[in-house]
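User: I am new to reading protein models, and I would like to learn how to read the features of this one step by step. Could you take me through them, giving the general idea each time before the case at hand?

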Amino acid sequence: MSQLPLIHARGLVKRFGDFTAVDGIDVSVAPGESFGFLGPNGAGKSSTMRMISCVSLPTAGELRILGMDPAREGTRIRARLGVCPQLDNLDFDLSVRENLTTYARYFGIGRRQARARAEELLEFVQLADRAGGKVEPLSGGMKRRLTIARAMVNDPDIILLDEPTTGLDPQARHLLWERLFQLKRRGTTLVLTTHYMDEAEQLCDRLVVMDGGRIVAEGSPRSLIQTYSTPEVVELRFGDERPADVAGKLAGAGERIDPLPDRLLVYAADGDAAVAEVHRRGLTPSSVLVRRSTLEDVFLHLTGRTLVD
Ligand SMILES: Nc1ncnc2c1ncn2[C@@H]1O[C@H](COP(=O)(O)OP(=O)(O)OP(=O)(O)O)[C@@H](O)[C@H]1O
Ligand SMILES: [Mg+2]
């Protein structure tokens with residue numbers, strides 16, 4: 001039983017008119033897994049999430065959530081999902097606490113239990129001191145945390161988070177990551193979208209990289225980096241010379257050379273050895289940075305573009 005995937009999609013397609021937003025993707029999410037969709041703007045992440053959330057029906061393909069068909073059992077599925085949409089849709093006429101208790105009532109949770117659940121969740125997302133206040137004056141990060149708390153009201157089997165931390169400052173993001181990490185540790189199944197590679201690396205056991213409605217790669221952050229990149233990357237900047245012009249002089253200095261508009265990337269197992277080779281060839285970069293490979297490098301390699309500009 002527990003081996004059945006909670007989410008199972010085969011050849012999933014979403015079209016809007018003659019535009020194909022999701023172009024035949026296969027996805028399978030197991031219980032307890034933390035699964036991510038990583039991709040740039042317009043990749044089809046939200047369109048996919050909306051189908052999984054049962055608020056938008058697939059145009060074609062097969063989709064099963066918790067073993068059920070969204071077209072026939074949407075209501076039953078939705079009762080067992082926690083959904084945090086890309087844009088917060090909190091009720092500004094209600095207090096912070098009422099946003100949770102009212103939502104709980106939709107799921108048939110009794111008044112007293114809803115109240116207790118709300119207190120517990122507000123504690124969890126560190127908003128207990130704002131419980132009686134209005135939603136509007138909350139910061140972006142606080143609103144996001146309230147939306148996540150609301151998604152947990154019905155004690156869902158899967159929590160779906162569409163860009164949980166987009167637009168938040170680093171401190172607010174780290175607080176949210178920490179809360180999500182706790183959920184993950186408790187064994188909650190998380191499905192999230194992001195265009196932040198560091199978020200995907202921190203939170204996802206497994207992820208798919210999406211681009212133009214398709215999945216271009218799939219694996220754990222570590223396995224993706226191993227497959228599509230090298231352990232280290234050297235970033236070189238040059239004063240006057242264009243990276244593309246310098247690239248020719250560096251053939252063989254690393255496993256791969258990638259000239260970007262503002263810098264040149266040398267992919268190598270040993271970054272320091274690659275730097276030594278750069279100097280041996282008489283090049284004098286104005287700055288040199290040796291770093292570990294990231295999912296950004298994976299994305300660049302797969303698509304030829306950077307993830308976040
Ligand atoms: N209701 C709609 N009608 C028409 N086109 C749509 C609709 N929803 C999405 N699209 C288009 O589908 C494509 C994928 O959109 P989607 O919102 O799924 O991307 P995304 O990966 O979530 O992007 P972002 O990172 O910007 O949130 C885009 O080109 C978008 O314009
Ligand atoms: Mg989106």
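User: What kind of crossing does helix 3 make as it passes helix 4?

Analyst: A crossing is called left-handed if the near helix is turned anticlockwise from the far one by less than a right angle, and right-handed if clockwise; here helix 3 passes helix 4 in a right-handed crossing. The helices, and the strands we shall meet later, are DSSP runs numbered from the N terminus (H or I with at least four residues for a helix, E with at least two for a strand). Before we go on, please keep in mind that this is a predicted model, in which local features need pLDDT of at least 70 and side-chain atom pairs count only at pLDDT 80 or more, while totals for chains, interfaces and linings use all residues. Residues are numbered from 1 along each chain as its sequence is written, chains are lettered from A and ligands numbered from 1 in the order in which they are written, and side-chain values use heavy atoms, with hydrogens and water left out.

User: At what angle do the axes of helix 3 and helix 4 cross, and which residues make the contact?

Analyst: Axes are lines fitted to C-alpha atoms, for helices over the stretch in contact, and angles run from 0 to 180 degrees between N-to-C directions. The axes of helix 3 and helix 4 (residues 111–124) cross at roughly 135° and come within 9 Å. That makes helix 3 oblique to helix 4, since angles under 35 degrees count as roughly parallel, over 145 as roughly antiparallel, 65 to 115 as roughly perpendicular and the rest as oblique. Contact means heavy atoms within 4.5 Å, and among the residues that make it are Val-96, Leu-100 and Ala-104 of helix 3, together with Ala-114, Ala-118 and Leu-122 of helix 4.

User: What is the strand order in the open sheet of six strands?

Analyst: Two strands pair if DSSP finds at least two bridges between them. The six strands follow the order 5-6-7-3-8-9, with mixed pairing, and strand 5 (81–84) and strand 9 (214–219) are the edge strands, each pairing on one side only. On average, neighbouring strands of this sheet are turned by 15° against each other, direction ignored. Strand 3 (residues 34–38) and strand 8 (residues 206–211) run parallel and are joined by four bridges, and Gly-36 has Leu-207 as its bridge partner in strand 8. Helix 5 (residues 140–151) packs on the sheet, where it touches strand 5 and strand 6 (158–162), and its direction makes about 165° with that of strand 5.

User: How does the open sheet of four strands pair?

Analyst: Its order is 11-12-10-13, with antiparallel pairing, and the edge strands, each pairing on one side only, are strand 11 (256–259) and strand 13 (287–292). Strand 11 and strand 12 (residues 264–268) pair over four bridges, and Asp-258 stands opposite Leu-265 in strand 12. Helix 10 (residues 271–280) packs on this sheet, touching strand 10 (232–237), strand 12 and strand 13, with a direction about 35° from that of strand 10.

User: Which protein atoms are the donors of the magnesium ion?

Analyst: Donors are N, O and S atoms within 2.8 Å of the metal (3.2 Å for Na, K and Ca), and water is not among the atoms, so sites may look incomplete. For the magnesium ion (ligand 2), the protein donors are Ser-46 (OG) and Gln-86 (OE1), which lie 2.0 to 2.1 Å from it. This pair links distant parts of the chain, 40 residues apart, with Ser-46 in helix 1 (residues 45–52) and Gln-86 in the loop between strand 5 and helix 3 (96–106).

User: Why does Gln-86 count as buried, exposed or partly exposed?

Analyst: Buried means under 20% relative accessible area, exposed over 50%, and partly exposed in between (1.4 Å probe, protein chains only). Gln-86 counts as partly exposed because its relative accessibility is 39%. Ser-47, found in helix 1, counts as buried at 14%, and Ser-47 touches Phe-16, Ala-21 and Val-22, leaving out residues up to four places away in sequence.

User: Where is Val-125 placed, and what is Val-125 in contact with?

Analyst: Val-125 sits in the loop between helix 4 and helix 5 and, at 2% relative accessibility, counts as buried. Apart from neighbours within four places in sequence, Val-125 is in contact with Arg-145, Ala-149 and Arg-179.
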